[in-house]
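Let's take a walk through this model, sheet by sheet and helix by helix. Keep the structure open as you read.

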Amino acid sequence: MTVSPLSGKRILLLIGGGIAAYKCLDLIRRLRERGAAVRAVLTRAGSEFVTPLSVSALTEDKVYSDLFDLTDEAEMGHIQLSRDADLLVLAPATADLIAKMATGRADDLASTVLLATDTPVLAAPAMNVRMWQHPATQRNVNQIERDGVTLVGPNEGSMACNEYGMGRMAEPMEIVAAIETAFSVPHRPLAGRRIVVTSGPTHEPIDPVRYIANRSSGKQGHAVARAAQMAGADVTLISGPVSIEDPPDVTMVRVETAQDMLAAVETALPADALVMAAAVADWRVVERQEDKIKKADGGVPHSIALTENPDILATVGHAGARRPRLVIGFAAETQNLLENAGAKLRSKGADWIVANDVSPEGGVFGGDRNTVRILHANRVDSLPTQSKDAVAAHLVERIDAFFNGIDTAASLESDPK
Ligand code: C5P
């Protein structure tokens, strides 16, 4: 019999006030079956949906419910409650509790425990679809994720309020799986590998105040760097100007122009792999003006002479002994995706090209989701539309498989177009 990663773990379950709270009763049972000790905090709203008595019967412990219960404070302060846990699980994570976490409010026991802890937190959001989609909730969700909270769900489906959409709480077994993942020993298959990732646009100055740029947000490149770092690689992320956060524990190199980026990539070599996710500007201005260009007399615009930038991918793809074993390019296309990306694979000496359709209706630029195809010399693999993080995780798995000499084609649906 295999021992569950939950065996012997102490979980503090914070039950918020939503109809999905009833699922917590099953969750407690399943966690305890796997050998975890579960202690519960029930918010006032939570106790409108499940009774302290049923929670207590299932945890076989006292249920903690009110910050100002002096007996509780004397026996077990709110700080101690979270200290005595290996993981805090917030389910259902209501819009209100997420908002409190995002803003650091602590006005009841659950929110105080959440603020007073440095124990990892897993949250299972559940709310009406419109509440979930509201920009305020999305802002709060992004904030708590940045603060290190892991989310499980929500799922899409029909809701208690007779609506359909995103907002159903993850099922108890999905939450169990997420908790098991949280306790699993980190899998670091790329430990010892050096990976250089480029991300974001480049800015090509025209004069001190103007530049040529493109719509790249850097989200996909940064996600690849984060996924590679989480897989144990030593990552150098060379990024053009972006307004997103640096991934943790990578070596950041900030650049502005394509020429700077080429120099930074060359400095970062040798590496095992290069992932060129940056949207490098194809051209730069021939003569960058020292002073701001003034409107021409009569309002006729100046013409600006352009010259081609160095192709970083092609330079590294054909770099001989200094070429990384694996060179991956990206191709953002608005038409003839496979033809154009295939031509780039050959001309730039890349091993793989990750091609995505960036025609405006797809919402890829700046968005959080991506639909990509991975082109190899002899085949194309189509991936489903998924988050940029999921695309990154998938790519990193393939990079790992490549270094282990495993061809992933057999296990994937190939599209031999
Ligand atoms: O812009 P293009 O579609 O040609 O980009 C394809 C790939 O080539 C991308 O991986 C991009 O990072 C890379 N590239 C480059 N240097 C350039 C232009 C593109 O490395 N000057």
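## The six-stranded sheet

First, a bit of vocabulary: two strands count as paired if DSSP finds at least two bridges between them. Keep in mind, too, that this is a predicted model. With that in hand, look at strand 1 (residues 10–15) and strand 4 (residues 87–93), which pair in the parallel sense over four bridges. Within this part of the model, Leu-12 stands opposite Leu-88 in strand 4.

Zoom out and you'll find an open sheet of six strands, in the order 3-2-1-4-5-6, with parallel pairing. At the edges stand strand 3 (63–64) and strand 6 (150–151); each has a single partner strand, so one side of each is left without a neighbour in the sheet.

## Helix 1 and what it touches

Helix 1 (residues 23–33) lies across three strands: strand 1, strand 2 (37–42) and strand 4. Relative to strand 1, helix 1 runs at about 180°.

Which helix packs with helix 1 at an angle of about 45°? That's helix 9 (residues 172–183), and the two axes are 9 Å apart. An angle like that makes helix 1 oblique to helix 9, and their crossing is right-handed. On the helix 1 side, the contact uses Lys-23, Asp-26, Leu-27, Arg-30 and Leu-31, while helix 9 brings Pro-172, Met-173, Ile-175 and Val-176. Sort the residues of this contact by class and you get six nonpolar, three charged and no polar ones.

## Helix 5 against helix 8

Now for another helix pair. The axes of helix 5 (residues 95–103) and helix 8 (residues 135–146) come within 9 Å and cross at roughly 55°. The rest follows from the angle: helix 5 and helix 8 are therefore oblique to each other. The crossing in which helix 5 passes helix 8 is left-handed.

What do the two helices put into this contact? Helix 5 offers Ala-95, Ile-98, Ala-99, Met-101 and Ala-102, and these meet Thr-137, Asn-140, Val-141, Gln-143 and Ile-144 in helix 8. By class, that comes to seven nonpolar and three polar residues, with no charged ones.

## The eight-stranded sheet

Further along there's an open sheet of eight strands, this one with mixed pairing, in the order 13-12-9-14-17-18-20-21. The edge positions go to strand 13 (251–254) and strand 21 (380–382), each with a single partner strand, so one side of each lacks a neighbour in the sheet. From one strand to the next, the twist averages 15°.

Strand 12 (residues 234–239) and strand 13 pair in the parallel sense over four bridges. If you want a landmark there, Ser-239 has Arg-254 in strand 13 as its bridge partner. Helix 11 (residues 258–268) lies across strand 9 (194–199), strand 12, strand 13 and strand 14 (273–276), and runs at about 170° to strand 12.

## Around the ligand

How many residues surround the ligand? There are 14, and the closest are Met-276, Val-280, Ile-312, Leu-313 and Gly-329. Two elements give two or more residues to this shell: helix 12 (312–317) and strand 17 (326–333). Strand 17 gives the most, with three residues.

As for chemistry, the shell around the ligand has eight nonpolar, two polar and four charged residues.

Key: Residues are numbered from 1 along each chain as its sequence is written. This is a predicted model: local features need pLDDT of at least 70, side-chain atom pairs count only at pLDDT 80 or more; totals for chains, interfaces and linings use all residues. A residue is near a molecule or strand if its C-beta atom, placed from the backbone, lies within 6 Å of it. Ala, Val, Leu, Ile, Met, Phe, Trp, Tyr, Cys and Pro count as nonpolar, Asp, Glu, Lys and Arg as charged, and the others, Gly among them, as polar. Axes are lines fitted to C-alpha atoms, for helices over the stretch in contact, and angles run from 0 to 180 degrees between N-to-C directions. Two residues are in contact if their C-beta atoms, placed from the backbone, lie within 7 Å. Angles under 35 degrees count as roughly parallel, over 145 as roughly antiparallel, 65 to 115 as roughly perpendicular and the rest as oblique. A crossing is left-handed if the near helix is turned anticlockwise from the far one by less than a right angle, and right-handed if clockwise.
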